[in-house]
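Here is a report on charge pairing, internal cavities and one helix in a single protein chain. Please look over the sequence and the model before reading on.

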Amino acid sequence: MKQNLLFIKNGLIHDIIHPEPYLGNIITENGIIKAIGADITCPENSEIIDATNLQIYPGFVEAHCHLGLDGYGIGFEGQDYNEINDSLTPHLRAIDAINPQDPTIHMAAKAGVTCVATGPGSSNVLGGTFAAIKTTGKRIEDMIVKQAVAMKCAFGENPKRVYKNKDNYSRMSTAAKLREMLFKAIEYQEKLKLSKNDPSKKPSFDMKLEALLPVLNHEIPLKAHAHRADDIFTAIRIAKEFQLNLTLEHGTEGHLVAEELAKEGYPIAVGPSFGHATKFELRNKTFETPGILTKAGCQVSIITDSPVIPQHYLALCAGLALKSGMEEHEALKAITINPAKHLGIADRVGSLEVGKDADIVITDGNPLHLVTNVVYTIINGKEVD
């Protein structure tokens with residue numbers, strides 16, 4: 001196989017593993033980082049990028065968005081991120097609706113966002129699976145990092161509002177519906193186990209319950225949309241009740257209960273924190289939340305929830321958190337290694353380390369500052385435009 005070699009030289013490297021940057025070079029081969037350091041030399045037949053006076057970062061990672069599921073500038077026809085005919089749709093998969101040709105994906109890549117978790121919205125009690133994808137590729141099969149990173153569930157206002165005239169008028173209903181599905185999935189799983197020795201006991205195929213088996217088996221977590229503090233704790237209560245893995249999404253009122261959340265230890269993806277409080281549960285929205293949670297000891301990711309905030313402003317959101325009291329290195333971690341951990345893909349993305357994917361952003365300054373430009377975005381060892 002022909003080697004695709006890239007040599008990035010003389011840049012100020014922020015590998016995210018070390019708090020302080022250092023001058024050095026990077027070699028990538030066939031989309032993987034092969035070497036990092038000050039003393040490494042350029043291999044023969046390498047493409048060369050001179051990063052003198054430039055800064056080098058890992059590609060930015062978004063832990064929670066709807067990129068490619070909400071068409072850019074085309075109205076309802078492009079909105080594929082919410083199914084509103086059934087409040088319980090765990091069998092839906094983001095990969096079946098992501099449009100790689102959506103302009104917002106390329107806009108994200110040009111801004112240094114190289115990997116995102118994208119998936120169903122929050123209309124449903126159970127919405128389906130999120131996928132982790134790179135922000136380049138002509139078909140979804142070429143973009144996938146991990147096909148299913150989490151099972152979306154939602155608490156609070158959204159399921160109540162969408163289904164208030166159908167079958168879900170209160171928070172009690174939302175919690176009860178989720179519990180009922182989990183109990184059914186456990187029963188379904190037990191019958192499948194019994195049927196291994198007695199095929200006559202095999203239950204009728206149920207696609208919804210099949211989709212929940214990876215959650216029960218701890219292969220993927222519940223990804224819980226929760227803004228208000230009480231909704232956050234309802235998500236935690238149900239996860240503990242069924243002994244499930246859990247990630248917390250949005251966490252708008254997390255700063256009000258930071259110490260309690262730190263004791264619980266669940267990863268938190270905070271945002272979207274920019275813009276008007278469009279509903280009751282967002283009244284306490286502030287860019288101070290990520291910093292407060294981090295100082296309390298939580299693992300925090302910063303999110304755009306695009307298209308709520310355009311995906312290409314992910315670094316700007318981290319910059320606003322920095323302005324609101326978050327420590328700079330923690331703000332960088334919140335858009336790199338922390339979301340990678342949040343999604344279970346930190347073995348591939350989120351930091352500049354030998355053996356990881358060659359997703360690299362080269363800038364002319366600190367990416368958390370508004371005036372900074374992305375000079376190069378490299379995904380899988382190849383420059384984007």
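The report below covers salt bridges, then cavities, then helix H4.

**Salt bridges**

The model is predicted. Side chains of opposite charge can pair when their charged atoms come close. Here the count comes to 17 salt bridges. Three of them are tabulated.

| Pair | Closest N to O |
|---|---|
| Asp 86 and Lys 208 | 2.6 Å |
| Asp 167 and Lys 177 | 3.1 Å |
| Glu 249 and Lys 223 | 3.1 Å |

Take the pair of Asp 86 and Lys 208, with its N and O atoms 2.6 Å apart. This pair links distant parts of the chain, 122 residues apart. Asp 86 sits in the loop between strand E6 (60–65) and helix H1 (103–110). Lys 208 belongs to helix H4 (residues 207–216). Asp 86 is partly exposed, with a relative accessible area of 27%. Lys 208 is also partly exposed, at 23%.

Next comes the salt bridge between Asp 167 and Lys 177. Asp 167 lies in the loop between helix H2 (157–162) and helix H3 (171–195), and Lys 177 lies in H3, so the bridge ties together parts 10 residues apart in sequence. Is each partner buried or partly exposed? Asp 167 is partly exposed, at 41% relative accessible area. Lys 177 is buried, at 14%; the cut-off for buried is under 20%.

The third pair is Glu 249 with Lys 223. Glu 249 is in strand E11 (residues 246–250) and Lys 223 in strand E10 (residues 222–226), so the pair joins parts 26 residues apart in sequence. Glu 249 is buried, with 0% relative accessibility. Lys 223 is buried too, with a value of 0%.

Some salt bridges share partners. Lys 134, Arg 348, Asp 357 and Asp 359 are joined into one network in this way.

**Cavities**

How many cavities of 30 Å³ or more does the structure hold? There are two.

The largest has a volume of about 40 Å³. Its lining is made up of His 250, Thr 252, Val 270, Gly 271, Pro 272, Ser 273, Lys 285, Thr 286 and Thr 289. By class, that lining has two nonpolar, six polar and one charged residue.

The second largest cavity has a volume of about 30 Å³. Gly 59, Val 61, Thr 114, Val 349, Gly 350, Ser 351, Leu 352, Asp 357 and Asp 359 form its lining. These divide into three nonpolar, four polar and two charged residues. Asp 357 and Asp 359 line this cavity, and both belong to the salt-bridge network with Lys 134 and Arg 348.

**Helix H4**

H4 spans residues 207–216 and holds Lys 208, the partner of Asp 86. Which residue caps the N-terminal end of H4? Asp 206 does: one of its side-chain oxygens lies 3.1 Å from the backbone nitrogen of Lys 208. Lys 208 therefore appears twice, with its backbone nitrogen facing the cap and its side chain in the salt bridge to Asp 86.

The buried residues of H4 are Leu 209, Ala 211, Leu 212, Leu 213, Val 215 and Leu 216. An α-helix has 3.6 residues a turn, so residues three or four places apart point the same way. The cover over the buried residues of H4 includes strand E8 (126–134), strand E9 (144–154), H3 and E10. H3 also carries Lys 177, and E10 carries Lys 223.

Just after H4, His 218 takes a positive phi of about 60 degrees.

Methods
Residues are numbered from 1 along each chain as its sequence is written. This is a predicted model: local features need pLDDT of at least 70, side-chain atom pairs count only at pLDDT 80 or more; totals for chains, interfaces and linings use all residues. Side-chain values use heavy atoms; hydrogens and water are left out. A salt bridge is a side-chain nitrogen of Lys or Arg within 4 Å of a carboxyl oxygen of Asp or Glu. Helices (H or I, at least four residues) and strands (E, at least two) are DSSP runs, numbered from the N terminus. Buried means under 20% relative accessible area, exposed over 50%, partly exposed in between (1.4 Å probe, protein chains only). On a 1 Å grid over the protein atoms alone, a cavity is a set of points where a 1.4 Å probe fits but cannot get out, and a pocket is an open set with protein on both sides within 12 Å along at least five of seven lines; lining residues have an atom within 4 Å of a point. Grid points are joined across faces, edges and corners, and a volume is the space filled by probe spheres set on the points. Ala, Val, Leu, Ile, Met, Phe, Trp, Tyr, Cys and Pro count as nonpolar, Asp, Glu, Lys and Arg as charged, and the others, Gly among them, as polar. Contact means heavy atoms within 4.5 Å. A polar contact is a pair of N or O atoms within 3.5 Å; within protein, one must be able to donate a hydrogen and the other to accept it, and residues adjacent in sequence count only if both atoms are side-chain atoms.
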